[in-house]
Amino acid sequence: MIDILTQPFVEFSFMRRALVGCLALSLGAPPVGVFLVLRRMSLMGDAMSHAILPGAAIGYLLAGLSLFAMSAGGLVAGIVVAVLAGIVARSTVLREDASLAAFYLVSLAAGVLIVSVRGSSIDLLHVLFGTVLALDDPALILIGAIATVTMTALAVMYRPLVLECLDPMFLRSVSRASSPTHIFFLVLVVLNLVGGFQALGTLMAVGIMLLPAVTARFWAEEVPNLIIVAVVAAFGSSALGLLLSYYANVPSGPAIILTCGVAYLVSLLVGPRGSLLRQLLPRKHLDA
Amino acid sequence: MNRRLLLYAATFIVPLLIGSVGANAADTIKVATSFSILGDMVKQIGGDRVEVKTFVGPNGDAHVYEPTPGDARTLADSKILVVNGLGLEGWMSRLQKSSGFKGTVVTATKGIKTRQMEEEEHGTTRKITDPHAWQSLTNGRVYVQNIRDGLVAADPAGKDAYEANAKKFLADFDDVEKIVKDSIAKLPPARRKIITTHDAFGYFGATYGMEFIAPEGVSTDSEASAKDVAKIIRQIKAEKVPAVFLENVTDHRLLDQIARETGAKIGGTLYSDALSDANGPAATYLDMFRHNIQTLTAALSS
């Protein structure tokens with residue numbers, strides 16, 4: 001039994017690299033996802049992934065299949081969109097979701113235009129849908145660095161961030177940290193999406209950020225516990241997804257995200273907090 | 001009819017009408033081809049009697065391509081459309097319909113003995129036809145004949161010119177084929193085995209006696225699973241495959257990883273489904289063969 005779980009990783013270095021990449025990704029992205037969910041911005045990850053796509057595509061068209069160019073392009077495009085949307089939301093009548101939608105659509109359209117002007121050479125979907133099976137050293141270092149930056153930054157701005165999630169008006173009334181916290185948090189979202197884009201592809205990067213975070217809601221209530229559950233769920237799902245890809249002969253990226261999805265469904269049904277099962281069963285005294 | 005519909009009609013139909021009126025004015029025969037290899041063949045055979053437009057250009061991937069409105073206009077303008085067939089250009093039937101193309105379609109692979117490939121997918125094997133027939137010069141000759149006949153049928157006045165061009169072109173085939181055969185004969189049989197990114201060299205291998213192994217299937221639009229990659233790594237190690245080769249049309253990150261893990265060396269870039277641009281090493285169909293065989297033998301004989 002144990003042998004079935006470990007054999008692929010022992011025999012093949014590409015499986016070990018994939019596992020290490022997923023571990024790094026699972027340490028950075030799900031905590032960011034937890035805060036996104038708490039702030040009711042779950043769909044923002046999806047919007048941001050579209051904002052990144054054209055940046056990465058531009059990087060690819062300018063410099064070819066270069067990790068640096070595509071990541072830098074994605075990072076710049078994502079941060080520009082996130083920061084502009086944040087500034088507009090804070091200084092005009094437009095709300096965050098509306099201003100973000102406006103900016104990411106413009107960004108996406110610009111990207112599609114640039115891609116088609118140059119003509120499709122290597123199919124861009126192939127390039128943009130990542131290859132967790134082909135992580136080389138620079139890609140692993142990039143993902144690891146992003147996870148490190150994310151965890152450090154979250155630790156530093158943990159308090160204002162939690163306040164911003166739970167009572168933003170209070171934070172604004174006692175401190176000027178609100179706006180910087182918000183902007184820096186958006187930068188973290190973009191950074192992690194760029195990291196996930198290396199491993200799983202732009203769209204699935206959102207999956208590993210958010211699915212474990214919403215899964216965690218059925219298991220924990222306090223923020224630190226939410227983060228721990230999300231990280232464990234993300235890494236567990238990644239490892240299982242890789243094994244699924246190995247034994248069942250299915251592509252790895254979708255296998256990982258679908259495993260996250262199964263974890264979510266199971267939690268939704270039988271998780272200890274607020275799941276369907278809990279709502280059907282009569283509550284015990286003082287347990288609600 | 002509402003206003004939006006009118007607007008669509010104006011943007012798409014009007015240019016098509018203008019395009020088809022303009023087509024008759026020119027002296028040359030307008031030929032549209034699906035990808036660069038067919039484009040080169042038509043140029044060689046048609047000479048200056050034809051004007052060739054190619055949808056998927058140099059280094060482009062003909063398996064997956066999204067036609068543009070400009071392509072539809074080009075096609076509506078053309079008298080002949082040359083396609084490979086055998087399921088290579090899945091996007092072409094839609095383009096043909098939407099453009100209102102009224103000319104003749106020449107299928108270059110007509111009459112070729114096709115190769116069936118077994119592709120394993122989710123546990124079940126299914127048979128599919130390998131479309132990469134041009135990778136064997138034997139088939140290439142059939143391509144030339146089909147294109148020649150198609151041109152003659154559409155433009156009987158140019159019969160002599162087309163036949164002369166085709167004859168000259170086919171004579172060059174013999175030279176190149178001799179180079180290919182001689183080069184492979186010089187390789188030790190144990191080293192006639194290589195890895196490429198997708199199954200594009202099945203006909204080449206069958207005709208000239210080499211074995212090609214690829215993590216992606218015959219089309220580039222499938223994604224490799226961990227199992228596929230593991231299988232290939234085991235195979236490379238067990239059979240001591242000396243080199244892996246990149247292709248000009250596909251993403252090479254996966255192959256880099258395989259090479260790193262097995263210690264097989266990266267032998268260079270093969271041109272499989274598209275030619276290079278005019279300054280590249282494989283600007284024409286025959287140059288592609290010369291370049292590929294040179295790359296193969298350089299890596300395998302050392």
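# Exercises on chain B, with a look at chain A

Chain B holds 10 helices and 10 strands. The model is a predicted one, and buried residues account for 47% of the 302 residues in chain B. Let's work through it together.

## Exercise 1: The two domains

Task: Find the domains of chain B and describe the side of domain 1 that touches domain 2.

Solution. Start with the bounds: domain 1 of chain B covers 3-168, and domain 2 covers 177-301. Next, look at the contact, to which domain 1 of chain B gives 27 residues and domain 2 of chain B gives 24 residues. On the domain 1 side, the elements supplying two or more residues are helix 2 (36-46), strand 5 (116-121) and helix 5 (137-154) of chain B. Finally, sort the residues of that side by character: 12 are nonpolar, 10 polar and 5 charged.

## Exercise 2: The sheet with strand 1

Task: Work out the strand order of the sheet that contains strand 1 of chain B, and say which strands stand at its edges.

Solution. The sheet is open, has 4 strands in the order 2-1-3-4 (chain B), and its pairing is parallel. Strand 2 (50-56) and strand 4 (104-107) of chain B each have a single partner strand, so they stand at the edges with one side lacking a neighbour in the sheet. Between neighbouring strands the average turn is 25 degrees, direction ignored. Now zoom in on one pair: strand 1 (residues 29-35) of chain B is joined to strand 2 of chain B by 6 bridges in the parallel sense. Here B:Ala32 is found opposite B:Lys53 of strand 2. To finish, add the helix: helix 3 (residues 69-77) of chain B packs on this sheet and touches strand 1, strand 2 and strand 3 of chain B. The direction of helix 3 makes about 135 degrees with that of strand 1.

## Exercise 3: The sheet with strand 9

Task: Do the same for the sheet that contains strand 9 of chain B, and find a helix that packs on it.

Solution. This open sheet of 4 strands has the order 8-7-9-10 (chain B), again with parallel pairing. Its edge strands, strand 8 (211-213) and strand 10 (265-270) of chain B, pair on one side only. The average turn between neighbouring strands is 35 degrees, direction ignored. Strand 7 (residues 193-195) and strand 9 (residues 243-247) of chain B run parallel and are joined by 2 bridges, and B:Ile194 faces B:Ala243 of strand 9. Helix 10 of chain B packs on the sheet, in touch with strand 9 and strand 10 of chain B, and its direction makes about 175 degrees with that of strand 10.

## Exercise 4: A helix pair

Task: Decide whether helix 6 and helix 10 of chain B are roughly parallel or roughly antiparallel.

Solution. Take the geometry of helix 6 (residues 159-186) and helix 10 (residues 285-301) of chain B: their axes come within 10 Å and cross at roughly 10 degrees. Angles under 35 degrees count as roughly parallel, and therefore helix 6 and helix 10 of chain B are roughly parallel to each other. Among the residues that meet are B:Val176, B:Ile179 and B:Val180 in helix 6, and B:Phe289 and B:Ile293 in helix 10. The contact divides into 6 nonpolar, 3 polar and 3 charged residues.

## Exercise 5: Positive phi

Task: Place A:Asn249 and B:Leu86 in their loops.

Solution. A:Asn249 is not a glycine, yet its phi is positive, about 60 degrees. A:Asn249 sits in the loop between helix 12 (223-248) and helix 13 (252-270) of chain A. B:Leu86 has a positive phi near 55 degrees, and lies in the loop between strand 3 (80-83) and helix 4 (92-99) of chain B. B:Leu86 has 19 other C-beta atoms within 10 Å, so it counts as partly exposed.

Methods:
Residues numbered from 1 in each chain as written. Chains lettered and ligands numbered in written order. Predicted model: local features only at pLDDT ≥ 70, side-chain atom pairs only at ≥ 80, totals over all residues. Domains from an automatic or database assignment. Contact = placed C-beta atoms within 7 Å. Nonpolar A, V, L, I, M, F, W, Y, C, P; charged D, E, K, R; others polar. Buried ≥ 20, exposed ≤ 12 C-beta atoms within 10 Å, placed from the backbone. Axes fitted to C-alpha atoms, helices over the stretch in contact; angles between N-to-C directions. Parallel < 35°, antiparallel > 145°, perpendicular 65-115°, else oblique. Pairing = 2+ DSSP bridges.
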